[in-house]
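I set out to keep a short notebook on one structure. Each entry records what I looked up and what I found.

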Amino acid sequence: MYSLEQIKRGIQNPREVGYELNRLCHTRGGVRGRNPNGTDIIDEDWDNLILLDACRYDYFSEFAEGLSGELEYRYSLGSATKQFIRENFREKTLYDTVYVGANTWFLKLQHRINAAVHHFIDLQNGDYEVEWADEELKVVTPETVSRHASRASEEFPNKRLIIHYLQPHHPFIGPKGQEYLPYQSNSLREVVQMAGKGVDRHIVRKAYRENLERVLSAVESVLPELYGKTVITADHGEMLGERFQYVPIRGYGHPIGVYNEYTTKVPWNVIQADERKEIIAEQPTQQQETDMSSIDDRLRDLGYKV
């Protein structure tokens, strides 16, 4: 049932109703809490898992020739980071895993879903040396993530390593993105709406490609520093002005509960290694403190509803 406030918002903005109707169709009226075709990434075989936030398979494949490894694809369990974290990490104690994060949804949800890792390197809120693409919104540069991933690889040689970059997810940090879609703490569809009629889906796609090129350059730089088998993938994809399957309005972003090709088909680029890590699970030596209000603020800065 919808609240009176939700009904009012729908009348004021019919496009929001279109988004919601598509979600209801994909989730079979809310019954499907996860993508039924999705892959549990924790159960897959890897020593290092590189997550590109909101990276589509088709766009990634345009740049795949410049990367080592063999490109495949998978479908994500979720169409948004919140759902991806919830469905992959729920009820899992991963003391064999270190998580380097420019996106902190794991910290937001870990207690709620009863999940744990050996150590989380919080680049948005922690006491780490970082470079900001935008300091006010705490947009971490991909080069910063690569630098800390390299350090983590040395410091934790017997742990699986998850490296979560923020890009190609907006805010857009390239020249085209900055010209037409400057940093704003809103969802992508809200950013596009506020940009006005001068900004069409072609500009959005160019800005997205700029983010993708930048993050892939940073990924290439860290690959030689990683030991063992590495997989480059994404938490989910992104709609960049394509039409929804059921109510055919144009969509932007990655609405939770929308399981189409744009939002859930992600790259799975496998880079084999001559030697694998010897993975050892160990309890953390000290409990990490989590400032939930700070995490909420940073997630809102990036356009998330928390």
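The entries below cover the basis of the model, a helix pair, salt bridges, two single residues and some backbone features.

**Entry 1: Basis**

I noted that this is a predicted model, in which local features need pLDDT of at least 70 and side-chain atom pairs count only at pLDDT 80 or more, while totals for chains, interfaces and linings use all residues. Residues are numbered from 1 along each chain as its sequence is written, and side-chain values use heavy atoms, with hydrogens and water left out.

I also noted how elements are named: helices (H or I, at least four residues) and strands (E, at least two) are DSSP runs, numbered from the N terminus.

**Entry 2: Helices α6 and α9**

I looked up how helix α6 (residues 142-155) packs against helix α9 (residues 201-222), and found an angle of about 20° with the axes 8 Å apart. The axes are lines fitted to C-alpha atoms, for helices over the stretch in contact, and angles run from 0 to 180 degrees between N-to-C directions. The two helices are therefore roughly parallel to each other; that term applies to angles under 35 degrees, with over 145 roughly antiparallel, 65 to 115 roughly perpendicular and the rest oblique.

I then recorded that α6 passes α9 in a right-handed crossing. A crossing is right-handed if the near helix is turned clockwise from the far one by less than a right angle, and left-handed if anticlockwise.

Which residues make the contact of α6 and α9? From α6 I listed P142, E143, S146, A149 and S150, and from α9 R214, V215, A218, V219, S221 and V222. Contact means heavy atoms within 4.5 Å. These residues divide into six nonpolar, three polar and two charged. Ala, Val, Leu, Ile, Met, Phe, Trp, Tyr, Cys and Pro count as nonpolar, Asp, Glu, Lys and Arg as charged, and the others, Gly among them, as polar.

**Entry 3: Salt bridges**

Side chains of opposite charge can pair when their charged atoms come close. I counted as a salt bridge a side-chain nitrogen of Lys or Arg within 4 Å of a carboxyl oxygen of Asp or Glu. By this rule the count comes to 20.

I looked first at D40 and K92, whose closest N and O atoms are 2.7 Å apart. The pair links distant parts of the chain, 52 residues apart: D40 lies in the loop between α2 (14-26) and β1 (48-53), and K92 in the loop between α4 (81-89) and β3 (93-101). K92 counts as buried because its relative accessibility is 18%; buried means under 20% relative accessible area, exposed over 50% and partly exposed in between (1.4 Å probe, protein chains only).

Next I recorded the salt bridge of R74 and E44, at 3.5 Å from N to O. R74 is in strand β2 (residues 70-75) and E44 in the loop between α2 and β1, 30 residues apart. R74, at 21% relative accessibility, counts as partly exposed, and so does E44 at 24%.

Third came K229 and D45, with 3.1 Å from N to O. K229 is in the loop between α9 and β8 (230-234) and D45 in the loop between α2 and β1, 184 residues apart. Is K229 buried or exposed? K229 counts as buried at 11% relative accessibility, whereas D45 counts as partly exposed at 43%. I added that salt bridges sharing partners join R34, R86, E87 and R90 into one network.

**Entry 4: Two single residues**

I found Y73 in strand β2, partly exposed with a relative accessible area of 39%. Leaving aside neighbours within four places in sequence, Y73 is in contact with Y57, K265, V266, P267 and W268.

V204 is in helix α9 and counts as buried at 0% relative accessibility. Not counting residues up to four places away in sequence, V204 touches F172, L181, V192, V199, L240 and Y252. V204 and V192 are 12 residues apart in sequence and 7.9 Å apart in space, C-alpha to C-alpha.

**Entry 5: Backbone**

Most residues other than glycine have a negative phi, and most peptide bonds are trans. I noted a cis peptide bond joining Q167 and P168, with omega about 10°; P168 is in strand β7 (residues 160-168). The bond from H170 to P171 is also cis, with omega near 5°.

I closed with N114, whose phi is positive, near 60°. N114 is in the loop between α5 (105-109) and β4 (116-122).
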